Amino acid sequence: MSTPVKKVPIHLQSAQNRLLIKNGKTVNENEIVEQDVYVEDGIIKQLGRNLLIPGGTRVIDARGKYVIPGGIDPHTHMQFEFMGTTSVDDFYQGTKAAVAGGTTMIIDFVVPKQGESILDSYYAWRQKADDKVCCDYGLHVALTSWNDKVKGEMKTLCEKHGVNSFKMFMAYDFYLKDDELYGAFQRCRELGALAQVHAENGLIIKKNVEKLKAFGVTGPEGHEMSRPECIEAEAVNRACVISKQVDCPLYVVHVMSKSATETLKENRDNGTWVYGETLAAALGTDGSNYKHSCWHHSAGHILSPPLRPDTTTPKCLMEYLAQDVLQLTGSDHCTFTREQKEMGKGDFSKIPNGVNGVEDRMSVIWEKGVHSGIIDPCRYVAITSTNAAKLFNVYPRKGCIAVGSDADIVVWNPSKTRVISSKTHNIAIDFNIFEGMECHGVPEYVIVNGRVCVDEEQLRAVQGHGKFVETPCWAPFIYAPEKMDELTAPKNNGALNEIELTNKLAKIELEPKLCITPTLPDSAISTPSCRGPRPEGQRNIQDSTFSISEELDVERKSCIKVKNPPGGKSSGFW
């Protein structure tokens, strides 16, 4: 005889989905407000003081703490087949670690093998992730080859599968050539997607590797030597120049050096439509580790682009984040065991590239940014959550504390400290690049879609609790008309627009004709408009049923308005 299932009364089921966070200070990118947060069924329902809430609601006292949006890590590689092996943190282990550190959404990369269908690869990634994730996730798709089939499948991914970003590599064996980058950027622009690049000059790296090996350099120190800053900066500049030609928004992943950041800034100041991401690794450690006496320690720090030997780089990158030269922080979480790293013993070019970071990103950035006084909590929220939500078009569902937003919330205790250690972390390797770092600031509670998954620092992540989140194209924070006019209209970088070219042709007609001037076809005197037409059938993202008007009725007597936080106002970028 089967045992009867005991049913939980409806009123108790509802009570389990109710949560009140009292006495805290909510932090968004532009303000800090002393108010309570009421959550029901995974959604923020009320904000303010003296809220009327149902009985049986769980109460968390956040007095003296910040209530912030859950982190969004826009750059991870879970169970990624790469360099002859597979990263060891799968979507369960990786997202469990993410939640432990205060991140409630990741965006992973679909990376097809060369010649493989990007659509089939997308399906394979969904199959790997859907049943395992402990928090919500989205997907970028990498383009490892370029042809008409890829071009067609990009449209399918954008219109039917909620993908709005495509990554191109300028290094590794599957890099795209400049003309292919041009075509891929142009396609992204047509679809209202965001082009991403791994910016390094792969051809020069290959020559440098050959030269170093010929001189007998085989250890981990050869990795950075083969990929110096100028190699990264050159590729950033080239990617910006190409994207400028087709008016395509560009996102440079893992900017790791001063010179690359300065190159990005120079291009953006000249009208290039470019955004920059740096990594927790670049902010929390540096390339001096490549000269460590222990081979495993050095190899454990290898990623590409590499950490830089200039020990002032981490602070400089944080200052660039404060100034809005860089806008986002990721982890590039891609972990390999000691044995996997040993595949490159005797040949640094075969050491699998990848480090940890998804669990420690939020703490490292708080320590190096807020605790050090370089940024304030508002800018912290912007660079760890809000800006990613805006760029990948899940805002205001994610990335803010607002009525109607998903209840992805972290109660952050700035008074507590923790020491990062491989003995206590939640990932599948026995090495941590931040080993021994003391961080002021701890995620005391982490709420994922309304469920308390870190409870008084105790991890209670649930496999399969997360879900896939679509990232629709035509993100209004990128493609809003005024934004495009601001970024693309004022400066031309020497390119001729239609009026200028017509005037030049008219001038040629007036000059004495000593030779026959060839007639230019109509297509030669037209340039892409800043406001490309939306593809037929494409949903207008700005026509949303989401409303935060209820928030305007909330009493805000204890409001601390941060109009111009230290390091620059993040909303000014948007």
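What handedness does the β-α-β unit made by β13, helix α5 and β14 have? Select residues 165–169 for strand β13, residues 178–191 for α5 and residues 194–198 for β14, and follow the chain through them. The unit is right-handed. Keep in mind as you go that this is a predicted model.

**The whole chain**

Zoom out for a moment. You're looking at 574 residues, of which 58% are buried. The chain has 19 helices and 22 strands. Take the contacts between residues at least 6 apart in sequence: 78% of them join residues at least 24 apart.

**Stop 1: the eight-stranded sheet**

Now bring up the sheet that β13 and β14 belong to. Its 8 strands run in the order β8-β11-β12-β13-β14-β15-β16-β17, forming an open sheet with parallel pairing. To find the edges, pick 71–76 for β8 and 328–330 for β17; each of these pairs on one side only. From one strand to the next, the twist averages 30 degrees.

**Stop 2: strand β14**

Stay in that sheet and colour residues 194–198 of β14. All 5 of its 5 residues are buried, so the strand is largely enclosed by the rest of the structure. Which residues sit on each face of β14? On one side you have Leu 194, Gln 196 and His 198, and on the other Ala 195 and Val 197. Both faces are covered.

Next, look at the neighbours of β14. β13 runs parallel to β14, and 5 bridges join the two. Click on Met 168 and look across to β14: Val 197 stands opposite. For the other neighbour, select residues 250–252, which are strand β15. Here too the strands run parallel, with 3 bridges joining β14 to β15. Gln 196 has Tyr 251 as its bridge partner in β15.

**Stop 3: the four-stranded sheet**

Move to the other sheet on this tour. This one is open, has 4 strands in the order β5-β4-β1-β6, and its pairing is mixed. The edge strands are β5 at 43–48 and β6 at 58–61, each pairing on one side only. Strand to strand, the twist averages 20 degrees.

For a closer look, select residues 18–22 (β1) and residues 36–40 (β4): they pair in the antiparallel sense over 4 bridges. Show the side chain of Ile 21, and you'll find Val 37 of β4 standing opposite.

**Stop 4: helix α2**

Select residues 91–100 for helix α2, which is mostly covered, with 7 of its 10 residues buried. The buried ones are Phe 91, Gly 94, Thr 95, Ala 97, Ala 98, Val 99 and Ala 100. What lies over them? Turn on β11 (103–110), α3, β19 (438–448), β20 (451–455) and β21 (458–459), which are included in what covers the buried residues of α2.

**Stop 5: where α3 meets α4**

Since α3 is already on screen, add helix α4, residues 148–160; α3 itself spans residues 118–129. The two axes come within 9 Å and cross at roughly 40 degrees. That crossing makes α3 oblique to α4. Show side chains for Ile 118, Leu 119 and Tyr 122 on α3, then for Val 150, Glu 153, Met 154, Thr 156 and Leu 157 on α4, and you have the contact. Its residues divide into 6 nonpolar, 1 polar and 1 charged.

**Stop 6: two buried loop residues**

Finish with a pair of polar or charged side chains in loops. Start with Asn 289, in the loop between α10 (280–284) and α11 (295–300). Is Asn 289 buried or exposed? At 14% relative accessibility, Asn 289 counts as buried, because the cut-off for buried is under 20%. Leaving out residues up to four places away in sequence, Asn 289 touches His 297, Ser 298 and His 301. Then draw a C-alpha to C-alpha distance from Asn 289 to Pro 309: the two are 8.1 Å apart in space and 20 residues apart in sequence.

The last selection is Asp 360, in the loop between α13 (338–341) and α14 (361–371). With a relative accessibility of 2%, Asp 360 also counts as buried. Setting aside neighbours within four places in sequence, which residues is Asp 360 in contact with? Light up Arg 418, Ile 420, Asn 432 and Phe 434 to see them.

Definitions and conventions:
Residues are numbered from 1 along each chain as its sequence is written. This is a predicted model: local features need pLDDT of at least 70, side-chain atom pairs count only at pLDDT 80 or more; totals for chains, interfaces and linings use all residues. Side-chain values use heavy atoms; hydrogens and water are left out. Buried means under 20% relative accessible area, exposed over 50%, partly exposed in between (1.4 Å probe, protein chains only). Two strands pair if DSSP finds at least two bridges between them. A crossover is right-handed if, with the strands pointing away from the viewer, the path from the first strand over the helix to the second runs clockwise. Axes are lines fitted to C-alpha atoms, for helices over the stretch in contact, and angles run from 0 to 180 degrees between N-to-C directions. Angles under 35 degrees count as roughly parallel, over 145 as roughly antiparallel, 65 to 115 as roughly perpendicular and the rest as oblique. Contact means heavy atoms within 4.5 Å. Ala, Val, Leu, Ile, Met, Phe, Trp, Tyr, Cys and Pro count as nonpolar, Asp, Glu, Lys and Arg as charged, and the others, Gly among them, as polar.
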